[in-house]
There are 2 protein chains.
Amino acid sequence: MPETHSRADRFAARLSANRYGNRPTMKDVAARAGVGLKTVSRVVNGEPGVTPETERRVQEAIDALGFRRNDSARVLRKGRTASIGLVLEDLADPFYGPLSRSVEEVARANGALLINGSSAEDPEREQELVLALCARRVDGLVVIPAGDDHRYLEPELKAGVATVFVDRPAGQIDADVVLSDNFGGARDGVAHLIAHGHRRVGFIGDMPRIHTAAERLRGYRAAMEDAGIPVEAAWTSLGVTDPERVRRAAEEMLSGPSPVTAIFTGNNRVTVTVIRVLAEQTRPVALVGFDDIELADLLQPGVTVVAQDAATLGRTAAERLFRQLDGTLLTPERIELPTRLITRGSGELPPAD
Amino acid sequence: MPETHSRADRFAARLSANRYGNRPTMKDVAARAGVGLKTVSRVVNGEPGVTPETERRVQEAIDALGFRRNDSARVLRKGRTASIGLVLEDLADPFYGPLSRSVEEVARANGALLINGSSAEDPEREQELVLALCARRVDGLVVIPAGDDHRYLEPELKAGVATVFVDRPAGQIDADVVLSDNFGGARDGVAHLIAHGHRRVGFIGDMPRIHTAAERLRGYRAAMEDAGIPVEAAWTSLGVTDPERVRRAAEEMLSGPSPVTAIFTGNNRVTVTVIRVLAEQTRPVALVGFDDIELADLLQPGVTVVAQDAATLGRTAAERLFRQLDGTLLTPERIELPTRLITRGSGELPPAD
DNA sequence: CCCGCATCTGACAACGTTGTCCAGGCTCTA
DNA sequence: TAGAGCCTGGACAACGTTGTCAGATGCGGG
């Protein structure tokens with residue numbers, strides 16, 4: 001008999017099997033090793049009170065049968081799944097990759113696995129995902145909310161599911177939240193442009209129903225007001241997110257009756273598109289973007305950004321999550337992490353009036 | 001009584017609770033609605049045979065208690081978890097984000113959740129992760145292997161756990177694998193440099209124990225051999241992966257007795273670092289990199305790359321996974337996706353001898 | 001030689017759900 | 001009005017594991 005089994009073999013096995021293929025259970029292991037069920041359980045879990053000889057026999061049976069403990073049954077019995085859920089907007093976004101990874105690191109350090117899903121910025125999908133995770137009885141949830149009403153989570157909070165929101169606050173419920181100083185960051189970024197002589201500064205950002213977008217817009221307006229510059233309607237473009245519309249928005253504010261000499265972009269995706277548009281312009285236009293982007297320093301000019309630290313955001317949130325699970329943490333808090341202005345050239349261009 | 005509960009309340013609840021906080025069960029719902037247990041199950045699962053009136057009563061009880069079905073128990077009973085596992089190298093790597101996302105999309109289309117973990121290129125950690133996923137009885141596994149011996153998966157394969165390897169083949173077992181044409185892509189990339197007049201072409205890549213790295217190295221050597229160019233030892237640098245060492249490697253091959261006039265880089269991270277080094281050089285050095293990178297077109301010069309399609313890689317793998325679960329797919333296959341040479345300038349620079 | 005104690009092992013129930021099967025009540029027809 | 005058949009609802013076992021508790025075994029001391 002060959003060591004490797006053909007797919008057809010496996011398929012046949014699957015068909016004949018009642019449930020998980022026909023995976024061996026502790027009972028099978030016990031029978032093979034000639035011991036009781038509980039003794040197998042003890043060996044598998046490294047509990048004391050088993051003779052080395054017995055342990056050896058059991059271990060042998062386990063290896064021979066390829067037994068793997070069924071965690072579903074274990075969870076059912078014990079009540080803890082040792083897994084946490086992460087719901088974010090889009091795993092493919094370079095901002096969420098590091099965030100996700102840092103959450104995973106903390107989970108791993110606490111012996112938990114990470115289940116994650118992308119909401120695609122759709123509140124309904126967010127809820128669907130979160131509830132699916134709750135049905136799986138994750139011990140905790142890290143949520144980057146898409147929606148603005150999270151009352152559906154009340155039963156989970158009451159039941160003791162640890163929950164931390166990241167990047168944006170929860171809606172209608174009192175929960176931990178870890179976010180960047182979006183307002184301050186944007187205000188500083190825009191103020192930086194103003195300090196370099198700009199007065200006609202444009203803003204391109206996401207839909208203001210998204211908390212981060214709204215805060216950054218607020219920061220833009222605050223900086224302009226602080227400088228005593230009235231903002232013209234044509235300078236602000238909201239809710240544009242796909243490259244084509246961002247492109248049009250940028251081109252319009254660069255060509256109107258009072259064209260902007262600088263643009264502040266509300267997130268990394270917008271920034272990337274605007275960089276492309278500006279590269280096609282004949283006159284130099286200053287740019288500061290929210291979120292750092294890779295290779296920003298190698299472009300001509302380098303791209304000045306307001307950077308937030310995705311990894312720290314994720315790590316902080318995950319650490320709070322596990323402190324909630326410890327029982328160490330009692331009061332929901334709002335933690336705001338500072339942003340950092342990184343000057344690389346594009347934000348220091350003088351106005352080309 | 002306030003609508004929102006304080007963390008202290010919740011914590012108290014958690015302490016007094018025996019297991020999942022004190023989550024209501026179907027039994028509780030049944031009691032409250034004044035119906036039998038199975039009737040609740042029927043309502044929850046949308047099975048037929050329940051009067052609208054009864055259904056309404058049950059639904060009311062569910063909402064009032066905040067009941068969520070316990071999927072652990074369900075899985076235990078039914079045998080399918082409706083979740084798949086994805087083990088990759090590093091979620092934070094811009095190559096794996098889109099891959100992960102596309103796997104998630106397919107999972108979602110098939111009603112499954114995605115659990116994922118990063119192996120950090122450590123075979124032991126890979127195995128640990130995979131086995132943890134198996135203990136959770138995921139229906140299928142998508143693995144980007146770090147190790148080269150996967151015989152530990154034999155019991156799972158036999159038990160009918162669908163398994164697809166991505167990006168690199170499995171070791172010592174016969175399993176589906178979806179990968180890019182690493183050899184062909186690298187060979188074409190290097191040939192492109194040679195076609196533009198280069199003869200002294202350097203190669204910087206990852207450890208050859210990693211399949212992709214070995215294949216790309218093989219492609220480099222093949223292209224050089226096809227052109228009848230003997231490769232000098234100093235032109236090849238392997239196993240360097242952190243930016244500092246990549247930098248040193250690049251600087252060395254640019255300054256030796258027979259300095260290279262062009263460099264082929266073996267993956268996105270290496271490429272990024274080499275771009276930085278080349279930006280500091282006085283004479284122009286040609287560059288072709290494996291993997292596309294964002295903004296590559298906006299650099300001066302644009303970066304010519306051999307692009308692989310991470311999303312298609314992930315989608316193809318996930319689709320095969322679910323076809324395995326259908327029973328549609330019987331024979332393990334090796335699927336190789338083509339790469340695409342994208343010329344942007346850096347690869348077309350003439351040698352600066 | 002027997003008792004007590006410590007050490008190791010196993011029987012059994014329980015976790016929350018779903019599948020099977022049967023009971024009871026209803027409607028419809030003869 | 002009685003009987004057949006259908007429809008709804010519920011009792012019960014089972015899924016694979018772990019916690020509890022009691023039994024078995026062996027050893028040493030009285």
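**View 1. Chain A meets chain B.** In this predicted model, 89 residues of chain A touch 89 residues of chain B. The size of an interface is often given as the accessible area lost when the parts come together. Here chain A and chain B bury about 7,900 Å² between them, and 51% of that area is on carbon and sulfur atoms. If you would like to select the pieces involved, the elements that give two or more residues to chain A's side are helix 1 (7-16), helix 5, helix 6 (96-109), strand 2 (113-118), helix 7 (123-135), helix 8 (154-159), helix 12 (268-280) and helix 13 (310-326) of chain A. Which of them gives the largest share? Helix 7 of chain A does, with eight residues. Sorted by class, chain A's side of the interface holds 39 nonpolar, 20 polar and 30 charged residues.

**View 2. Charged and polar pairs across the interface of chain A and chain B.** Side chains of opposite charge can pair when their charged atoms come close. How many salt bridges does the rule find across the interface of chain A and chain B? There are 14 of them. A good one to zoom in on joins Asp90(A) to Arg101(B), with the closest N and O atoms 2.5 Å apart. Across this interface there are also 27 residue pairs in polar contact, counted with both residues at pLDDT 80 or more.

**View 3. The axis between the two copies.** Two copies of a chain are related by a rotation about an axis and a shift along it. For this pair, a rotation of 180° with 0.0 Å of shift along its axis superposes chain A on chain B, with an RMSD of 0.0 Å. That is the relation of a two-fold axis. Which residue of chain A comes closest to the rotation axis? Look for Ile115(A), whose C-alpha is 2.1 Å from the axis. The same surface serves both copies, as 100% of the contact residues of chain A recur in chain B.

**View 4. The protein around DNA strand C.** There are 27 residues around DNA strand C, and those that come nearest are Gly36(A), Thr39(A), Thr54(A), Met26(B) and Arg77(B). Sugar and phosphate make up 60% of the strand C atoms that come within 4 Å of the protein. At the backbone of the DNA, an N or O atom in the side chain of Asn45(B) is 3.1 Å from a phosphate oxygen of strand C. At the bases, an N or O atom in the side chain of Arg77(A) is 3.5 Å from a base nitrogen of this strand. Ala73(B) uses a backbone N or O atom instead, 3.5 Å from a base nitrogen of strand C. The elements giving two or more residues to this surface are helix 3 (37-44) and helix 5 (71-78) of chain A, along with helix 3 (37-44) and helix 5 (71-78) of chain B. Helix 5 of chain B gives the most, with five residues. By class, the surface has eight nonpolar, nine polar and 10 charged residues.

**View 5. The protein around DNA strand D.** Of the 27 residues around DNA strand D, the nearest are Met26(A), Ser41(A), Arg77(A), Gly36(B) and Thr54(B). Sugar or phosphate accounts for 61% of the strand D atoms within 4 Å of the protein, and bases for the rest. Three phosphate contacts are worth a look. A polar backbone atom of Gly36(B) is 2.2 Å from a phosphate oxygen of strand D. A polar side-chain atom of Ser41(A) lies 2.8 Å from a phosphate oxygen of the strand, and for a side-chain N or O atom of Arg74(A) the distance to a phosphate oxygen is 3.1 Å. Which helix gives the most to the surface near DNA strand D? Helix 5 of chain A does, with five residues.

**View 6. A salt bridge within helix 4 of chain A.** The side chains of Arg56(A) and Glu60(A) meet in a salt bridge, 2.6 Å from N to O. Both residues lie in helix 4 (residues 52-65) of chain A, four residues apart, about one turn of the helix. Over all chains, the rule counts 54 salt bridges.

**View 7. Backbone geometry in the loops.** Most residues other than glycine have a negative phi, and most peptide bonds are trans. In chain A, a cis peptide bond joins Gln300(A) and Pro301(A), with omega about -10°. Pro301(A) sits in the loop between strand 9 (286-290) and strand 10 (304-307) of chain A. In chain B, a cis peptide bond joins Gln300(B) and Pro301(B), with omega about -5°. Arg137(B) is not a glycine, yet has a positive phi of about 60°; this residue is in the loop between helix 7 (123-135) and strand 3 (140-143) of chain B.

Key
Residues are numbered from 1 along each chain as its sequence is written. Chains are lettered from A and ligands numbered from 1 in the order in which they are written. This is a predicted model: local features need pLDDT of at least 70, side-chain atom pairs count only at pLDDT 80 or more; totals for chains, interfaces and linings use all residues. Side-chain values use heavy atoms; hydrogens and water are left out. A residue is near a molecule or strand if one of its heavy atoms lies within 4 Å of it. A polar contact is a pair of N or O atoms within 3.5 Å; within protein, one must be able to donate a hydrogen and the other to accept it, and residues adjacent in sequence count only if both atoms are side-chain atoms. Ala, Val, Leu, Ile, Met, Phe, Trp, Tyr, Cys and Pro count as nonpolar, Asp, Glu, Lys and Arg as charged, and the others, Gly among them, as polar. Contact means heavy atoms within 4.5 Å. Buried area is the accessible area (1.4 Å probe) that two parts lose on being put together, summed over both. A salt bridge is a side-chain nitrogen of Lys or Arg within 4 Å of a carboxyl oxygen of Asp or Glu. Copies are superposed by least squares on the C-alpha atoms of residues with pLDDT of at least 70 in both.
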